[in-house]
Amino acid sequence: MFTPLSVILYVTVYMGILFAIAQLVEKRIKNKGEQSAGNPWIYALSLAVYHTSWTFYGSVGFASNSGLLFFSIYGGALIGICFWWYSLRRMVQAKETFRITSIADFISTRYNRSQKIAALVTIIALIGIVPYISLQLKAIISSFSIITDTPQTGSAFDLSGWMVTIFMICFTIIFGVRRLDPTERHQGMIAALVAECIVKIIAFIAVGFFVTYTLFDGFGDIYSRIQTAGLEHLVSLNHGENSGVMWITLLILSFAAIHTLPRQFHVSVVENSNKNHIKTAMWLFPAYMIGINIFVVPIAAAGLLMGMPAENADFFVLLLPQQAGSESLTILAFIGGFSAATGMIIITTMTLSTMASNHLILPTLERIPALQPLRSYLLQLRWVMVSLILLGSLWFAKEFADSYILAAIGLLSFVAVLQFAPALFGGMFWKKGNSLGAFLGLLTGFIIWTYCLLIPTFIKHGWFTEALLVQGPWNITALRPEALFGLDGLHPVSHAVFWSLIFNIGSYIIGSIIFSPNKSERNLTTEFISAMNASHSRRARPTGLDAYISLQPKLEEAHSLLSNYLHEDKAEKEVRTIAEDLQVIDKLQITIIELVEFHRMVEHVLAGSIGAASAHKAIENTIRYNSREEADLKALYSHIVTELQSTEKENASGSDDSHSGYGLIEDLQTQIDDLEDQLATQQKTISNMEVKLEARYEEIFKYRLEAQKSKQDNAQLRNELKKILRDRSDGGYSSETEQSE
């Protein structure tokens with residue numbers, strides 16, 4: 001048994017090593033002067049943040065009760081990974097073009113940079129994921145209590161809970177929220193995360209080997225004992241009534257989760273430095289997933305065979321080596337579980353704090369003039385959000401410490417993030433999907449999730465009367481939360497998944513069909529989908545018009561805008577970097593296109609700090625064009641569209657206000673992108689036709705050779721036939737001569 005002080009010392013040393021790794025990586029990158037392209041193995045292993053304490057501890061508990069059903073949580077993810085080159089690669093390409101910072105930013109940017117959609121996604125994520133963070137805190141606190149033999153209730157729980165939470169607040173800020181710009185890849189944090197992922201799989205496999213080959217005599221011995229002890233359910237695919245429905249439910253949830261979990265989106269999309277790394281991840285990550293689950297059933301069986309209570313199955317990974325007297329393996333298992341929990345906590349809290357600050361706090365500050373000075377303290381506000389999220393998670397863990405909810409909170413959270421899937425995948429693959437459809441789908445799905453899954457959970461915890469579950473609201477039995485519209489007999493999770501998806505997808509499709517988006521949204525949709533389909537990132541191209549616009553006032557205007565959100569030195573540095581990239585730093589005057597490109601790059605920088613939707617809004621509200629600049633933009637737009645013979649003619653100099661100011665360059669870029677796509681399609685068609693024509697030429701050549709050969713063969717046959725006839729004729733004449741003689 002370990003003392004609390006010794007365990008705290010182990011944890012402190014371990015986290016110190018992780019911090020040293022992160023610092024070493026960041027220092028190495030800083031010395032190079034630029035961020036490296038990354039390593040595909042590092043990228044692939046970082047994705048293992050998908051495996052939390054729910055995997056490290058909970059999979060064994062799940063298998064103890066439901067057998068092989070536990071693997072469905074990973075089977076759906078494996079299926080999703082098979083499609084990553086078509087889904088994840090498109091997300092990464094869109095991220096590179098629009099500087100996406102989170103899944104809320106991705107979905108809102110696709111749908112006309114809608115602040116409402118971004119805020120709704122953020123709210124769903126906070127309500128759905130914060131309880132999942134509670135599960136990680138509970139796992140750390142419980143495992144700490146097990147190896148130190150301290151009670152898990154009362155003041156001991158409070159002390160360890162506060163200690164763990166404060167640790168996590170500090171580590172999250174140190175590892176992930178030290179900088180404002182979340183699109184500056186956190187390579188130090190990712191290196192530490194990879195170290196944690198390696199530690200947790202080594203720890204789990206070490207316990208698995210110990211249990212399988214030390215406590216027992218291999219897999220065969222464990223299997224025979226399972227049969228003898230009547231524990232066949234551990235190796236069965238069927239766990240009871242509606243087993244097939246539950247398999248399908250969990251496959252759907254994990255398929256969506258591997259794309260839509262905020263932490264998973266961050267490590268797979270935001271932290272991706274090279275889309276080709278996805279190819280490595282598509283085989284290495286599944287190998288990791290299989291490796292960390294291969295000993296789940298043996299460990300579950302070992303605990304039950306050795307007489308441990310089934311209610312303690314979640315911690316068989318700790319209890320088995322502890323009971324066997326192996327202190328080194330026990331502390332290794334604890335550190336492995338600690339790594340599984342803290343990796344999730346740090347990444348998820350960092351991501352949620354970014355989403356909350358960009359899409360909830362910042363829009364509120366923008367609307368209230370008295371609070372606008374707080375915009376320059378955005379980084380500090382994120383630190384506050386990190387603290388609030390983790391403190392809220394601690395409260396949730398304490399409130400529901402003795403409730404069944406923490407055992408099922410993982411699935412509850414998976415159903416919550418499932419609501420992102422229709423808007424996410426619909427936006428990627430269906431061009432007609434629009435902002436109204438996405439908003440309605442997210443809202444209705446969230447409402448159904450709350451009604452069918454969250455409220456029943458609170459009722460079972462004792463917060464509300466059970467009459468709602470039994471009789472339904474206003475005694476309408478068809479509206480019972482767990483038997484909505486008479487659909488009874490399903491597991492609550494399957495029931496909630498079915499109805500939330502029906503309402504979510506239905507609302508998304510209907511809303512997208514009945515609503516006609518404005519031109520700005522249509523153009524952005526085209527640009528977004530083109531960015532996802534592009535083989536390389538497009539960069540704006542400055543052109544050489546008359547240089548008459550004074551550069552210095554524009555630099556000051558941009559500096560003033562950025563300094564509202566960034567530190568003064570950072571804002572000045574970014575403005576200078578943009579000017580240098582555009583090669584206008586030494587100019588006194590610039591062209592209109594250089595000005596617009598300058599503003600686009602300012603928005604690009606700002607998007608990394610406050611999200612694409614908020615950045616676009618800030619640019620529109622702050623940047624102004626004078627009458628001459630606006631007139632030149634209209635004339636330039638009209639001229640280029642006419643010259644390129646666009647299929648969609650626009651009278652840019654007319655009275656359409658949507659073409660004025662900042663939106664002009666977006667329309668122009670969309671037109672150019674469309675023409676480039678058409679040209680690429682035509683070139684591809686021509687190439688295909690050339691290939692077919694070449695093949696046809698070869699066929700004709702072969703036909704001519706065969707025809708010529710046939711002609712020669714025919715001539716030869718004719719000659720041979722004539723010779724035969726001649727020989728026969730000569731032979732007949734000779735016979736007649738001989739007879740006459």
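**Helix α14**

Select residues 296-305, which form helix α14. Its buried residues are Val296, Val297, Pro298, Ile299, Ala300, Ala301, Ala302, Gly303 and Leu304. Because nine of the 10 residues of this helix are buried, the helix is largely enclosed by the rest of the structure. Please keep in mind throughout the tour that this is a predicted model.

Which helices should be displayed to see what covers α14? The buried residues of α14 pack against α3 (53-66), α9 (187-215), α10 (219-228) and α15 (316-323). Then move just past the end of α14 to Gly307, where phi is positive, at about 85°.

**The whole chain**

Now zoom out until the entire chain is visible. The chain has 741 residues, and 54% of them are buried. Its secondary structure consists of 29 helices and two strands. Among contacts with a separation of 6 or more, 81% join residues 24 or more positions apart. The accessible surface of the chain is about 33,100 Å², and carbon and sulfur atoms account for 59% of that surface.

Colour the chain by pLDDT. The mean is 81, and 87% of the residues reach 70 or more. Select residues 536-544, where the pLDDT is below 50; in the model this stretch has 14 contacts beyond near neighbours in sequence. Residues 645-662 also have a pLDDT below 50, and that stretch has 35 such contacts.

**The nonpolar cores**

In soluble globular proteins, nonpolar side chains tend to be buried together. The largest nonpolar core here contains 175 residues, and the members that touch the most others are Tyr50, Phe106, Ile107 and Ile299. Helix α7 (residues 115-148) gives this core its largest share, 18 residues.

Select Tyr50 and show its surroundings. Leaving out residues up to four places away in sequence, Tyr50 touches a group of residues that includes Ile73, Tyr74, Ala77, Phe285, Met289 and Phe414. A second, separate core of 36 residues can be found by selecting Leu562, Ala571, Ala612 and Tyr625, which are among its members.

**Val269 and helix α5**

Next, select Val269, which lies in helix α12 (residues 262-270). Is this residue buried or exposed? Val269 is buried, because its relative accessible area is 0%. Beyond its neighbours within four places in sequence, Val269 is in contact with Leu88, Met91, Val92, Lys95 and Gln264. For a distance to check in the viewer, the C-alpha atoms of Val269 and His259 lie 9.4 Å apart, while the two residues are 10 residues apart in sequence.

Continue to helix α5 (residues 88-98), which is mostly covered, with nine of its 11 residues buried. The buried residues of α5 include Leu88, Met91, Val92 and Lys95, together with charged-residue names such as Arg89 and Arg90. After α5 comes Arg99, with a positive phi near 55°.

**A nonpolar patch on the surface**

Turn to the surface and select Ile505, Ile509, Ile510, Ile513, Ile514 and Phe515. These residues form a nonpolar patch with about 570 Å² of accessible area together. Ile505 belongs to helix α22 (residues 492-514). Ile505 counts as partly exposed because its relative accessibility is 37%.

**Salt bridges**

Side chains of opposite charge can pair when their charged atoms come close. How many salt bridges does the structure hold? There are seven salt bridges in the structure.

Start with Arg480 and Asp488, whose side chains meet in a salt bridge at 3.8 Å, N to O. Arg480 is partly exposed, at 21% relative accessibility, whereas Asp488 is exposed, with a relative accessible area of 53%.

Then select Glu580 and Arg576, which form a salt bridge at 3.3 Å, N to O. About one helical turn separates Glu580 and Arg576, because they are four residues apart in helix α25 (residues 568-581). Glu580 is partly exposed, with a relative accessible area of 40%.

Finish in helix α26 (residues 592-610), where Glu597 and Arg600 lie three residues apart, about one turn of the helix. The closest N and O atoms of their salt bridge are 3.9 Å apart. Glu597 is buried, with a relative accessible area of 11%, and Arg600 is partly exposed, at 22% relative accessibility. Add Glu527 to the selection: salt bridges that share partners join Glu527, Glu597 and Arg600 into one network.

Note on methods. Residues numbered from 1 in each chain as written. Predicted model: local features only at pLDDT ≥ 70, side-chain atom pairs only at ≥ 80, totals over all residues. Heavy atoms only, no water. Buried < 20%, exposed > 50% of the residue type's maximum accessible area, 1.4 Å probe, protein only. Contact = heavy atoms within 4.5 Å. Core = buried A, V, L, I, M, F, W, Y, C linked by side-chain atoms within 4.5 Å. Areas by Shrake-Rupley, 256 points an atom, 1.4 Å probe, with all protein chains shown as cover. pLDDT = per-residue confidence, 0-100. Patch = residues over 30% accessible without salt bridge, like charges linked within 9 Å, V, L, I, M, F, W, Y side chains within 5 Å. Salt bridge = Lys/Arg side-chain N within 4 Å of Asp/Glu carboxyl O.
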